[in-house]
Each structure stands twice: as structure tokens, then as C-alpha cells.
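User: Please take a close look at a single part of this structure, one strand and what surrounds it. I am in my first year, so plain wording would help.

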Amino acid sequence: MTLCSDLSLETKGQRRVASVFGKLNFCIPKKSFHQSKQTIGMADGVSGESEESIAVYPGIYPRKLMPYCIGMADGVSGESEESSAIDSGIYAIKLMPCCAANRMIDVKYEAARDVNEEATSEFDNLKLVSGCFYLPKKSESRPLGQDAHFHFQTKRTIGVADGVTGRSERSVAIDSGIYARELMSNCVAKLGRKPNGAAVNPKRVLKTAHYKTVSKGSSTACVVSLNGTRLCYANVGDSGFLVFRSNRCVYTSTIKQRRFNHPYQLNNSGRRIIEFDDIADEGEFEVEAGDVVVLGTDGLLDNLFAHEIEDILEKQISCETPHMHPQQIAVAIGVAAEANSRNDLYKSPFSMAAGLAGFECVGGKYDDITVIVARIESSH
């Protein structure tokens, strides 16, 4: 099915018109997409032109299409009548504000300002090919969950954030998922201003995004970038990543927390810039073609051990399927983590950490689960 701009939608009995530039390739099961919050679908922004001929990032359009669906949106570049460049990324981000895809910013487009930039020789050998999986826990008050993430493949950078539940001074519950989503969006905006091929400093990207995030709330965050043969990262809190070589874990990032289950976190308090350098952990790890990076929030890391992810990689990446797409691997890992989170008898990483801290805890930890799998490949 192909839908174009000026698409009319019916949501909760009210007719709405999508007032954004662009066109849309739309794929969804036979059931009406506005009938159930459990519908799974996909939306793909198609290149188009605005009345002012500005290059359009239609990804914003798809996010308004499926307000109660779990889906995906991919913005595609276009031009307006005056051939002025439009950041269509804004278009995609606004497309599905009430669906799970709202916290996935899958930036595969090449911004107009980057077209004439030449990649540096440092990046000629390796690239990141990534896919993601997100499953928010069921919550009527926070249907989108509190995790957020992005994968910006042309910048070889991925990131996750996990909003931390809190309350305002008036004891009003704060949805920190809004903070986490804005934080990740600001990371993408920062990356979008860099020429393709330029080295990315994850700590600087996260620090700038943190400074520009104004929503109430707080969040952990981890941003990882491939610079040549170095995997560089910045991490705040208990999100993190693992690197696998030949399906064996060769590196695990460290978590940053004040004490058990109290991770360091970013927020918009007056001391946020002063504290950032103290709580942000940064580092790098030498990688090679064939390595697999698994990045996730604590919903993943609290419910799967490294050896369990090794077993999944063994099954997913076999002689018969050596080029299994990272998206499929991310789904397999995420589904396994979700199953463990609901198992009351499972000796999880979270329950073991609780025991070491002097607490009695058995079973997995039910939480939002975000997984990004990035395979490092030769650019040639």
C-alpha cells in the first residue's frame, strides 16, 4: 500500500490530517491500524518535495501515521520547489508520536549539507551495520516506555538512553521517557552537523545533547562510535555494551552507579554541566571486521548474561546464515531477555548483583528492553 502526503487518518473517532511534507510507503497487517494498540506495522517515508523545494526528511511523516502501533519509520531525502535543503529528520521524528517507533531514530539518510564532504581515509576500512529491537513494558500511564535509542549508520554511531522514574517538587510523577527521547534526538542533531567521515567524540556528543535537553526527568545513556579501528564510547549509568568476536565476549563496558540499583544519571538540574565530567565514563576498544557489538539498556543487561548472548549468536550466526542481519539478531536477544525478565525462578544478573549487595532477590527484572546489534564489516 502506498500513501501520499495530505493523508487523512482516523484516530479515536476523530479525523486528522497529516500536515507534513513527503510521501509514505506503508506496510501493516490487515487489521485496522487505528483499532488496536497492539498492532505491528511499518512506515517508510518516501522522497518528495515541499512547496519551497526544500530537501525533505520524510521520516517525521511516518511517525504520525501509526499512533497506536509498534512500527518503524525511515525518512528519505527530497527537495522543495526552491531546491532548498530541508532536514527531513524532523519530519520522521514527528511521524509516530504514540508508537514504539517514536524512540527509534534510524538515521540512514545523507543530509544535504554532507553531500559534498569527503570521508577521511581513517574510515575506509570498517563500517557499522546495525539493527535494533525495543519492547516497552506494559504501562497505561507510560505506553511508550522510558527507553530511547538511535542508530546513525552514516556517522557510524549508536546510542541508548533509559529514563529514570522520578517525581517533581510537587510530588507529581514525571515521565522520564520524554527526557530520554529528547536526549537521543539531540544526539542525532549534533551528529547530523558533522561531515561524513569525521571522527566522532561520543562524550562530546552526549555532553552537548545533555546540555540542550530541557524536558523534566533524568536518564542513563550510552553512546558508541566507530572511529577507524577504535570503538569509542561514553557511558553514564547502567546501560552499556558488549563486544563479541567469533561469538565470544571479548569486552564488556562497566556500569556507573552510586550503589546497587542507583545508577548515575543525566538530568537538567543546575549542576548538570559540572557533574557531567565526573559521572561520564569514556574509553575505547580495538575492533576488527566480523566483531559484533551489542548495546542495550539495563532491561537487557539485567536479564541476560554474556554467555547467554554467546549462545544466541552461535545459533543466529551459523555456516548456513553467516550474514544474518543485525535486526534479526537484536530481536532474538531482546525476546530472550524479555522471557528471562518474567521468569521468577531465573538467577538473573540483577538478582545476583542484589545478593552481593545484601538484598534477597530471585528472578528477572521486568523492565523496558532496548537492544542494538551492530556488526563491524569491511567497507570494501
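Analyst: The model is predicted. A helix that comes before the strand in the chain is a useful place to begin. Helix H3 covers residues 176–192, and at 1.5 Å a residue its 17 residues should span 24 Å. The C-alpha atoms at its two ends are 24 Å apart, so the expected and computed spans agree. Of the 17 residues of H3, 13 are buried, which means that the helix is largely enclosed by the rest of the structure. At the N-terminal end of H3, Asp 175 acts as a cap, with a side-chain oxygen 3.0 Å from the backbone nitrogen of Gly 177.

The strand to look at closely is E17, residues 218–227. Here 10 of 10 residues are buried, with buried meaning under 20% relative accessible area. The cover is found on both faces of E17. One side carries Ser 218, Thr 220, Cys 222, Val 224 and Leu 226, and the other carries Ser 219, Ala 221, Val 223, Ser 225 and Asn 227.

Next come the pairing partners of E17. In general, the strands of a sheet pair through backbone hydrogen bonds, and the pairing is either parallel or antiparallel. Strand E14, residues 157–163, runs antiparallel to E17 and is joined to it by seven bridges. One residue pair here is Gly 163 with Ser 219 of E17. Strand E23, residues 266–267, also pairs with E17 in the antiparallel sense, over two bridges. In that pairing Ser 219 stands opposite Leu 266 of E23. Ser 219 therefore has a bridge partner in Gly 163 and also faces Leu 266.

Strand E18, residues 230–236, is joined to E17 by seven bridges, and these two strands run antiparallel. Cys 222 has Asn 235 of E18 as its bridge partner. E17 and E18 form a hairpin with two residues between the strands, and in this hairpin Gly 228 takes a positive phi near 70 degrees.

E18 also leads to some aromatic contacts. The whole structure holds seven aromatic pairs. In one of them, Tyr 233 and Tyr 251 have ring centres 6.3 Å apart and planes at 50 degrees, so the pair is tilted. Tyr 233 belongs to strand E18 and Tyr 251 to strand E20, and the two are 18 residues apart, so the pair links distant parts of the chain. Tyr 233 is buried, with a relative accessible area of 6%. Tyr 233 and Tyr 251 form one aromatic cluster together with Phe 241 and Phe 285.

Strand E20 belongs to an open sheet of five strands, in the order E12-E26-E25-E19-E20, with antiparallel pairing. Its edge strands are E12 (126–135) and E20 (248–252), each of which pairs on one side only. On average, neighbouring strands of this sheet are turned by 25 degrees against each other, direction ignored. Within the sheet, E19 (residues 240–245) and E25 (residues 292–296) pair in the antiparallel sense over five bridges. Val 243 has Val 293 of E25 as its bridge partner.

Two helices meet this sheet. Helix H7, residues 306–316, lies across E19, E20 and E25 and runs at about 50 degrees to E19. Helix H8, residues 326–341, packs on the sheet and touches E12, E25 and E26 (369–378), with its direction at about 35 degrees to that of E12.

Methods
Residues are numbered from 1 along each chain as its sequence is written. This is a predicted model: local features need pLDDT of at least 70, side-chain atom pairs count only at pLDDT 80 or more; totals for chains, interfaces and linings use all residues. Side-chain values use heavy atoms; hydrogens and water are left out. Helices (H or I, at least four residues) and strands (E, at least two) are DSSP runs, numbered from the N terminus. The expected span of a helix is 1.5 Å times one less than its number of residues. Buried means under 20% relative accessible area, exposed over 50%, partly exposed in between (1.4 Å probe, protein chains only). A polar contact is a pair of N or O atoms within 3.5 Å; within protein, one must be able to donate a hydrogen and the other to accept it, and residues adjacent in sequence count only if both atoms are side-chain atoms. Two strands pair if DSSP finds at least two bridges between them. Axes are lines fitted to C-alpha atoms, for helices over the stretch in contact, and angles run from 0 to 180 degrees between N-to-C directions. Contact means heavy atoms within 4.5 Å. Rings of Phe, Tyr and Trp (its six-membered ring) pair if their centres lie within 6.5 Å; planes under 30 degrees apart count as stacked, over 60 as edge-to-face and the rest as tilted.
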